[in-house]
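Subject: Structure handover

Hi,

Here is the structure I promised to pass on. Please open it alongside this note.

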Amino acid sequence: MRGASDKRDGRHRAGEMPLRISWTRTAKKLPPEVRREVERRLRALGRYFPEMRRDLTVGITRSYDGAVFQTDDGFAKLMLEVRRGRGGWRYPTHWTVAHELMHLAQFNSKGIPGGERATDVHALARVPPRYIDESPTYL
C-alpha cells in the first residue's frame, strides 16, 4: 500500500494534500533524526483528518503530552512532548498525535462535536487499531 503521495511521480490521492510542517525554534534544536520521526508520525496520521489545515507549526512542550492551538486566521500550532531519556528519545505516542490532530479537525468542521471525550471517540473511529498504542485518556 502506498502512502499519501506517490513518490515516483509526485501525485497525491484524490482529496489528500500533504502536510506542510514547520518547526519552532526550540523544535529545530532537536536532532534531525528525531524531527524525522515526529514528522513520520504526523504524516502517517494526518491522512485520517482531512478537515485540518495542512500548514502546521510543530513545537516541543515539557508540561503535557500534547496541545494544539489555532488562530481565527487559521494558523495552527501543535505542541508535543519529545524528550531524551535514559534509554533514548521519548516520542509522543501515535494515540497522542491522533488525539491532537482530531482537535485540529474539530476547529475546522462544524459537524464534529468538541470536548475531550468527543475528541477521543471520534479519533478512535478514524484511525486504524495499529495506531492506538495507549489507552484513550478521556474515556
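In which helix do E37 and R41 lie, and how many residues apart are they? They both lie in helix α2, 4 residues apart, about one turn of the helix. I come back to that pair below. Keep in mind throughout that this is a predicted model.

Overall layout

The protein has 4 helices and 6 strands. Along the sequence they follow the pattern β-α-α-β-β-β-β-β-α-α. Of the 139 residues, 42% are buried. Among contacts with a separation of 6 or more, 53% are between residues 24 or more positions apart.

The sheet

An open sheet is built from 4 strands, in the order β1-β2-β4-β3, with mixed pairing. Its edge strands are β1 (20-23) and β3 (66-70), each of which pairs on one side only. From one strand to the next, the twist averages 25°.

Both kinds of pairing can be traced. β1 and β2 run parallel and are joined by 4 bridges. β3 and β4 (residues 76-80) run antiparallel, with 5 bridges between them. In that second pair, Q70 stands opposite A76 of β4.

Two helices to look at against the sheet are α2 and α3. Helix α2 (residues 32-46) packs on the sheet and touches β1, β2 (55-60) and β4. Its direction makes about 145° with that of β1. Helix α3 (residues 94-107) lies across β2, β3 and β4. It runs at about 20° to β3.

Edge strand β1

Side chains alternate along β1. I21 and W23 point to one face and are buried. R20 and S22 point to the other face and are not buried.

R20 has two links to D55. In β2, D55 is the bridge partner of R20. The two side chains also meet in a salt bridge, at 2.5 Å from N to O. R20 lies in β1 and D55 in β2, so this salt bridge ties together parts that are 35 residues apart in sequence. R20 is partly exposed, with a relative accessible area of 43%. D55 is also partly exposed, at 43%.

Charges on α2

Side chains of opposite charge can pair when their charged atoms come close. A search of the whole structure finds 7 salt bridges. Among them are two that involve E37 of α2.

With R40, the closest N and O atoms are 2.6 Å apart. E37 and R40 sit 3 residues apart in α2, about one helical turn. With R41, the N to O distance is 2.7 Å. These salt bridges share partners and join E37, R40 and R41 into one network.

Which of the three are buried, and which partly exposed? E37 is buried, with a relative accessible area of 18%. That is under 20%, so E37 counts as buried. R41 is buried as well, at 12%. R40 is partly exposed, at 41%.

More on α2

The helix has 15 residues. From first C-alpha to last it reaches 20 Å, close to the 21 Å expected at 1.5 Å a residue. Its buried residues are V34, E37, V38, R41, L42, A44, L45 and G46. They pack against β1, β2, β4, β6 (88-90) and α3.

The core

The largest nonpolar core has 32 residues. Those with the most contacts inside it are L42, L45, F49, L56, L101 and V127. Each of β1, α2, β2, β4 and α3 supplies at least two of its residues. The largest share, 7 residues, comes from α3.

L56 is a good residue to centre the view on. What does L56 touch, leaving aside residues up to four places away in sequence? Its contacts are R20, I21, S22, L42, A76, L78, L101 and L104. Several of these names appeared above. L42 is one of the buried residues of α2. I21 is buried on β1. A76 is the β4 residue opposite Q70.

For a quick tour, start with R20 and D55, which meet in a salt bridge. Move on to the E37, R40 and R41 network. Finish at L56 in the core.

Best wishes

How values were computed
Residues are numbered from 1 along each chain as its sequence is written. This is a predicted model: local features need pLDDT of at least 70, side-chain atom pairs count only at pLDDT 80 or more; totals for chains, interfaces and linings use all residues. Side-chain values use heavy atoms; hydrogens and water are left out. Two strands pair if DSSP finds at least two bridges between them. Axes are lines fitted to C-alpha atoms, for helices over the stretch in contact, and angles run from 0 to 180 degrees between N-to-C directions. Contact means heavy atoms within 4.5 Å. A salt bridge is a side-chain nitrogen of Lys or Arg within 4 Å of a carboxyl oxygen of Asp or Glu. Buried means under 20% relative accessible area, exposed over 50%, partly exposed in between (1.4 Å probe, protein chains only). The expected span of a helix is 1.5 Å times one less than its number of residues. A nonpolar core is a set of buried Ala, Val, Leu, Ile, Met, Phe, Trp, Tyr and Cys residues joined through side-chain atoms within 4.5 Å.
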